[in-house]
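Welcome! Keep the structure open beside you while you try these exercises, and read each solution only after a first attempt.

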Amino acid sequence: MKWTAEAPSNIALIKYMGKSDHDSNVPTNPSLSYTLPHLISYVEIKKSAEGQEDTWQPLIKPECDKLSLSASAQLKFINHFRKIKALYDITDSFIIRSCNNFPQATGMASSASSFAALTKCAYKAMSDITNTHMPSPIEMANISKLGSGSSCRSFFAPYAVWSSTEINSIELPYERLIHQSIVISSKPKKISSSQAHRLVQTSPKFNERINNIPMRFTELVSAFKNHDWRSMYDIVKFEFLEMHELFSTSATPFHYMESDSWQIIDHIEDIWIKNSDGPLITMDAGPNVHLLYRPEQANLSNELKDFFSKKYAVI
Ligand code: PMV
C-alpha cells in the first residue's frame, strides 16, 4: 500500500514571528499569507517490513531534485509523522519519502510545504488503514502547525490567516499573483527560524510590534479590499523590515539581510518612485527577496527577471 500527497508553500505578508507557546507553536500575533501554488512538496508513505523503524528517504520524481535532509531534519519529519500515527493507535512502521519541486540549493524554505504535505499524506494513510473519514483542512492544519507553524497556512488558498485562535482562508481580491524569489544566498542559516522565534522576544521593540499588528492587519485587509496596491506595498514592506529590526535589536543581535538584499529593496523602491507602481516586496528569515506582481504586471516581472537573473537565481 502506498499513499501520496502534495502541498504548496506560502509567503507571509504579515509575518508570524514570536510564539506564546514554543512547544505547540502558538503565534504571538496573527499572520496573513499568500499561497504559492507553483512551489510544491511531495510526500509518499509506504508500509515497511515488520520490525523496521519509521524511516525517511528522498522521493525520486521527475519534478524534483534529489533531496538530502540532515539527520535532525529527518528526525523532526519522522517525529511529526509519529504524532499523527499515535492519534490512530497505529504501531506499524512506514517509509516516508519526500521531495520539493524547487531546488534545495536555492535556500528557499521548504518547511511549510513539506510539513503540510506530510500531514496530509499521513492522514490519508491513517484514515485509510483505520477506515475513517479524512479530517477537515482546519483539523489537519491544526496538527500540521505542530511540525512547522507556517505549514498550517498552506492548507488554504489563495490567502490564509493564522492567529492563536484560528486558521482559515480569507477572501481577498488579487486571487492570482506572479511570484518571484530572488536567491541571494543558499547557504544554510546560522540562526534557524525556531531560534529566531525565541530571540525576537528579547527585543525591546517586540511588545510594541505585537500591539501594532492588529491595526496593521486591518489596514492591509482594507488596502486589499480597496484595490490600493500602493498601500499594500507600503504595509508589506514596513512589516518585513520591522521583523528584521527585531532580529537586529534582540539581546543577541543577528541578521539575515545582506547588502545585496538592500540593493534589491532599493531597486524596487526606485521602480515605484519612477512608475508610481511596482511589485510587492517581502523577505522571510533569510536573505532572499520575494516579489509579488499583479497578473497585468507580467511584462515588468519578465523585465525584472531578466535583470536580476544576471546576478542571482530567480525562481
Ligand atoms: O514556520 P516557521 O517556524 O519556520 O516560521 C516561519 C517564520 C517566517 O517565515 C519568518 C514568517 C512567516 O510567517 O512565514
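Here are three exercises, each with a worked solution.

This is a predicted model, in which local features need pLDDT of at least 70, side-chain atom pairs count only at pLDDT 80 or more, and totals for chains, interfaces and linings use all residues. Residues are numbered from 1 along each chain as its sequence is written, and side-chain values use heavy atoms, with hydrogens and water left out.

**Exercise 1. Find the order of the strands in the open sheet, and explain what is special about S10 and S12.**

Step 1. Know the terms: helices (H or I, at least four residues) and strands (E, at least two) are DSSP runs, numbered from the N terminus. Two strands pair if DSSP finds at least two bridges between them.

Step 2. Read off the order: the four strands run S10-S11-S9-S12, with antiparallel pairing.

Step 3. Look at the edges. Strand S10 (280-282) and strand S12 (313-314) each have a single partner strand, so one side of each has no neighbour in the sheet.

Step 4. Zoom in on one pair. Strand S9 (residues 178-183) joins S12 through two bridges, in the antiparallel sense. Here Val183 stands opposite Ala313 in S12.

**Exercise 2. Describe how the protein surrounds the ligand.**

Step 1. List the neighbours, taking a residue as near if one of its heavy atoms lies within 4 Å of the molecule. There are 14 residues around the ligand, and the closest are Tyr16, Ser150, Arg153, Ser193 and His197.

Step 2. Check polar contacts, which for the ligand are pairs of N or O atoms within 3.5 Å. Ligand oxygen atoms lie 2.8 Å from a polar backbone atom of Tyr16, 2.7 Å from an N or O atom in the Arg153 side chain and 3.5 Å from a polar side-chain atom of Asp284.

Step 3. Consider the cover: of the 380 Å² of accessible area that the ligand has on its own (Shrake-Rupley method, 1.4 Å probe), the protein covers 91%.

**Exercise 3. Locate the cis peptide bond and the positive phi of Asp89.**

Step 1. Recall the usual case: most residues other than glycine have a negative phi, and most peptide bonds are trans.

Step 2. The cis bond joins Ala157 and Pro158, with omega about -5 degrees. Pro158 sits in the loop between helix H3 (137-147) and strand S7 (159-162).

Step 3. Asp89 is not a glycine, yet its phi is about 55 degrees. Its loop lies between helix H1 (71-87) and strand S6 (94-100).

Notes. A polar contact is a pair of N or O atoms within 3.5 Å; within protein, one must be able to donate a hydrogen and the other to accept it, and residues adjacent in sequence count only if both atoms are side-chain atoms.
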